[in-house]
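Trainee: I would like to go through this model and ask a few things about its packing and strand pairing.

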Amino acid sequence: MKFFRKARLDVIVPVLVSLVIFAASTVLFVNQKSSIDSQLSQETRLVGSDFAARLQTNLDARLKAGRLLGQRFIATDGVDMQAFRAEAALTHALFEDFQALSWVDAQGVIRIVTPEEGNAAAINLDLRTLPLPAQALALAEDTETMQVTPPIELAQGGRGFTAYVPINGALGRRGFLNIVFRSELLFANILAEREVYPYALSVMDNGAVIFQSSETAVRPDIAYNNVVDVGPRQWQVTVAPTAAVIQRSSTWLDEATMVFGLLASIVFGIISRFAIVRQRSVDEVEARLRDIADSIDDVVWVNSADFRETRYINPAFEKIFGHTMESIRKDPTIWTSSLAPEEAEKISTTIMMVLEKIASGDEEQIERFEYPIYKVAGPDGISRDIYARSVAMRDARGQIDRFVGVATDVTELLRTQEDLRKINERLVQSQKMESVGQLTGGLAHDFNNLLAVILGNIELIEKTDFSDESQTFLSAAKTATLRGADLTKSLLSFARQSSLQPAKININEMARETKNWSSRVIPENIEVEISLLAGLWQVEIDPTLTQNALLNLILNARDAMPGGGKLTIETSNVRIDDEYNTVRGEDAEPGRYVMLAVSDTGIGIPDQNQAHIFDPFFTTKPVGAGSGLGLSMIQGFVKQSGGIVRVYSEPNVGTTFKLYFKAISGEREAPALARPNARQSTQTGARICVVEDEEAVLKVIVNILAKTGYQITAAHSGDEAMQIFDEGATFDLLVTDIVMPGTLQGTQLARALRERHPDLPVVFMSGYANEATVHGNGLRPEDIRLMKPVSRADLVAAVEKAINAEK
């Protein structure tokens, strides 16, 4: 019996031990398999990112080298064949995967090809006769950007692709640089940068194969996909592990499981080996993750659990905060010097809350936390809005070992949100005004009916024989009734429900008439000037309401200048199109408009009031000095007439109200500036002096006119332009801003130059609320005035019209 029991124990114990070891081995195997898959997925992503980044870098370097080669020949009158070959030879020496570098003239014919060996047949080949090259050349010419073809079969054998780089000189299109790439050499160079890429690599262009390695993918479920930009095209990059990678990752596990199951005596050795391999894998993953962190735009850092030590920051940290790793090691809080005191207080408060939770033993609740969005003044002087968050990383005991933080520049996101908020406010305001307008219109109509009854009865009573005292009472009642009628008319104008009586009128004549008879209500300390465009288009609007609107604006301008100033009435022709709306943020219906503007040099409208000036009954005048319906009536009348109202105001500078009415066709219609066709040749060689104090605007204007073919001399002020003329320079045209710093404003400069050159044509640019201060000091009826921002088409058309008028 004892022997039987002993035998059973000898059997049971080993079996139980074997079962326990087998169960432990099975659990270990399953867990490790999941871990290996996770690591393999991360490694595949890292390898894919590395390959895509190297492919992108190599492509960018080669395309940039091609652009530089083309730029080398912009300034010359012709492309010297020997010089091109010499420059191309240097480029071939740098990049052996260039199959050919060719110079293509503006008509699409290959004139030079390097090297000629194997490519000589391409000389004098008209690429526009070939479908893919013709399409690429057309796109390059239209967009003025580099175009890349889909993969093609090369005449020399093998596959490749071509790039066409448009080369533009001061006199227009010089030609194209044609770069022919050999795919196998390009990818051989990229793969040679790494010792081994034991992964299946595939690069596609919309389903067409650019490159495919010889290895076979065995785990497509963990493949990594990315996109590489090649000019305007995008290549799809796919990286997947091969059998060799799977074998490398899993062989040791099979061996370990076998040894662990059969030989319990060496289980700790297997576990030790497993731990070492695992740690090595973790280290490799961390190294790869660090490489990724070093290449991204987001800021990444690692802090100790007590925030007293910064263990790692990526290069983006220095770019945004302006501090290096060395300076952070010396003083972990030095980066807060880039923050305003109140912003630094936000960060400090958040960190203290986290530390208090850790000190109180609640660190299990800390997984991740976010910092309030704060502003950073970077070393480049740019203020950025930063959104930061941190994640707690724990050790084997479950205690927090470190915090990994990521900060993102959300400046553009917040700006977009603010734009959306403003758009929403405008929508709400529009809906509110629409609702108020409907209510006001209904009340005004009903009230008008009551007033009609009252007024009719009063007039009937006046016909009877009453005493003088009764007649006085009736007259007062009638006056009050008529005032009520005027009030309802204003309400109807605001609600856009007035009974309009449109007629064809010339706003210039109406403006002169209104200016003449309104002068008796304008004090002597206010100077009134008019700047009326000759050949103004006709409009069809209600003359009475238009004159009332103009008079209302004149009286408002008078009230805005209690200490005196200048009041200007101005007219002009304006053509509104989609480009005009986009540049100015408008939503007006495209078409031709006549603008009537009233400007003053008064106190201006405070920013907080500008959103409410068209609200009914809103007024800043004393009680009894205004009803608050004047501007709302003007807006309602103009909108009902199919026009728009715009106001531009600067506190303590002045205000300009602009009324836009749709123009009609008629005998007095003036010809509009002809917009030049992009394919139409422009008269070139004319000498133009451009005067503009804003550097950015000056560069744009000079660039547009220079590319059009004009000879441009730039000046930053009227004084500088006068000095250029004093030095003996002569010009065919002066293009000048009106309001500029210095002694000479734009109109004063024009008047001074015309004393020497009476026939000098001038194009004026304006758009400021205080342009009233310069009206009448040098403008002629034939002068062209443009409102900034000026589109290219309008600028070129104005310049051509001015030069042609002079000739």
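The following turns deal with a predicted model.

Trainee: Which helix gives the largest share of the largest nonpolar core?

Mentor: That core has 40 residues, and Leu55, Phe187, Val203 and Trp235 have the most contacts inside it. Nine residues of the core, its largest share, come from residues 2-71, which is helix H1.

Trainee: How many residues are in the other core, the one apart from it?

Mentor: Ile507, Ile526, Leu545 and Ala663 are among its members. The count for this other core is 36 residues.

Trainee: How many residues of strand E7 are buried?

Mentor: Strand E7 covers residues 199-205 and is mostly covered. Beyond four places in sequence, Val203 contacts Phe51, Leu55, Phe187 and Trp235, among others. Of the seven residues in E7, the number buried is six.

Trainee: Which residue is the bridge partner of Leu201 in E10?

Mentor: E7 pairs with strand E10, residues 233-241, in the antiparallel sense over six bridges. In E10, the partner of Leu201 is Val239.

Trainee: Which residue in the turn between E7 and E8 has a positive phi?

Mentor: E7 also pairs with strand E8, residues 208-212, in the antiparallel sense over four bridges, and Ser202 is bridged to Gln212 there. The two strands form a hairpin with two residues between them. The turn residue with a phi of about 55° is Asn206.

Trainee: Is Ser390 buried or exposed?

Mentor: Ser390 lies in strand E15, residues 383-394. Outside its sequence neighbours, Ser390 touches residues including Trp301, Arg368, Tyr371 and Phe403. Its relative accessible area is 0%, under the 20% cut-off, so Ser390 is buried.

Technical notes. Residues are numbered from 1 along each chain as its sequence is written. This is a predicted model: local features need pLDDT of at least 70, side-chain atom pairs count only at pLDDT 80 or more; totals for chains, interfaces and linings use all residues. Side-chain values use heavy atoms; hydrogens and water are left out. A nonpolar core is a set of buried Ala, Val, Leu, Ile, Met, Phe, Trp, Tyr and Cys residues joined through side-chain atoms within 4.5 Å. Buried means under 20% relative accessible area, exposed over 50%, partly exposed in between (1.4 Å probe, protein chains only). Contact means heavy atoms within 4.5 Å. Two strands pair if DSSP finds at least two bridges between them.
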